[in-house]
Amino acid sequence: ARENFRLNDLNPEAHIFAAADAFRFEPDNPGLLVCDPPALSRSQKSDRSAARAYRDLATQCGRSLSGGGLLATASCTARLSQDRWEDAVRDGLKKAGRWAWLWRAAEPPDHPISSQHPEGRYLKFGLLRKLA
């Protein structure tokens, strides 16, 4: 991330970069918080707990941001659909103020998905702003 900032003429020294356990990280009022945990479900048995984990992460991240802050959140959990993941994020953020979805995304064009393998649609991304 620091190198990407430098390549884009942004001063990395003016920003804080941290890689941490998303379930334990407590940032100090960031302007942008990126939450990109690893896949949280690999079997049907863990689908419910994965949805709860995404909900809880959204709550935790949402509470870390003040009005105007941005939350970039993602999922690579194939077992949760885009809608189910968004529901979990939305439910979690209800406990952390008012929010607006700014952007939603899934697989880019360079990530083709076989028509016989719908589970290949596993990438999810949302950019949200906390309203004042």
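**Notes on the sheet, its helix and a cavity**

1. Let's start with the sheet. Four strands make up an open sheet, and if you walk across it you meet them in the order E1-E2-E4-E3, with mixed pairing. Keep in mind that this is a predicted model. At the edges sit strand E1 (32-35) and strand E3 (99-105), each of which pairs on one side only. Ignoring direction, neighbouring strands here are turned against each other by 15° on average.

2. Now look at one pair of strands. E1 and E2 run parallel, and four bridges join them. If you want a spot to find on screen, try valine 34: its bridge partner in E2 is alanine 72.

3. Next, the helix. H2 lies across E1, E2, E3 and strand E4 (124-130). Relative to E1, helix H2 runs at about 165°. It's worth turning the model until you can see the helix and the strands together.

4. How many cavities of 30 Å³ or more does a search of the whole structure find? The search finds one, with a volume of about 50 Å³. Its lining is made up of Cys35, Pro37, Tyr54, Leu57, Ala58, Cys61, Leu71, Thr73, Ala74 and Val89. Two elements give two or more residues each to that lining: helix H2 (47-64) and strand E2 (70-75). H2 gives the most, with four residues.

5. What sort of residues line this cavity, by class? Nine are nonpolar, one is polar and none is charged. You can check this yourself by colouring the lining residues, Tyr54 and Thr73 among them.

6. Back to helix H2, which holds arginine 48. Is arginine 48 buried or exposed? Its relative accessibility is 65%, so arginine 48 counts as exposed, the cut-off for that being over 50%. Arginine 48 also makes a nice lesson in sequence versus space: leucine 80 is 32 residues away along the chain, yet the two C-alpha atoms are 9.3 Å apart.

7. Finally, have a look at serine 43, in the loop between E1 and H2. Serine 43 has a relative accessibility of 32%, so it counts as partly exposed; that class lies between under 20% for buried and over 50% for exposed. Serine 43 and alanine 78 are 35 residues apart in sequence, while from C-alpha to C-alpha they are 9.7 Å apart in space.

Terms used. Residues are numbered from 1 along each chain as its sequence is written. This is a predicted model: local features need pLDDT of at least 70, side-chain atom pairs count only at pLDDT 80 or more; totals for chains, interfaces and linings use all residues. Side-chain values use heavy atoms; hydrogens and water are left out. On a 1 Å grid over the protein atoms alone, a cavity is a set of points where a 1.4 Å probe fits but cannot get out, and a pocket is an open set with protein on both sides within 12 Å along at least five of seven lines; lining residues have an atom within 4 Å of a point. Grid points are joined across faces, edges and corners, and a volume is the space filled by probe spheres set on the points. Ala, Val, Leu, Ile, Met, Phe, Trp, Tyr, Cys and Pro count as nonpolar, Asp, Glu, Lys and Arg as charged, and the others, Gly among them, as polar. Two strands pair if DSSP finds at least two bridges between them. Axes are lines fitted to C-alpha atoms, for helices over the stretch in contact, and angles run from 0 to 180 degrees between N-to-C directions. Contact means heavy atoms within 4.5 Å. Buried means under 20% relative accessible area, exposed over 50%, partly exposed in between (1.4 Å probe, protein chains only).
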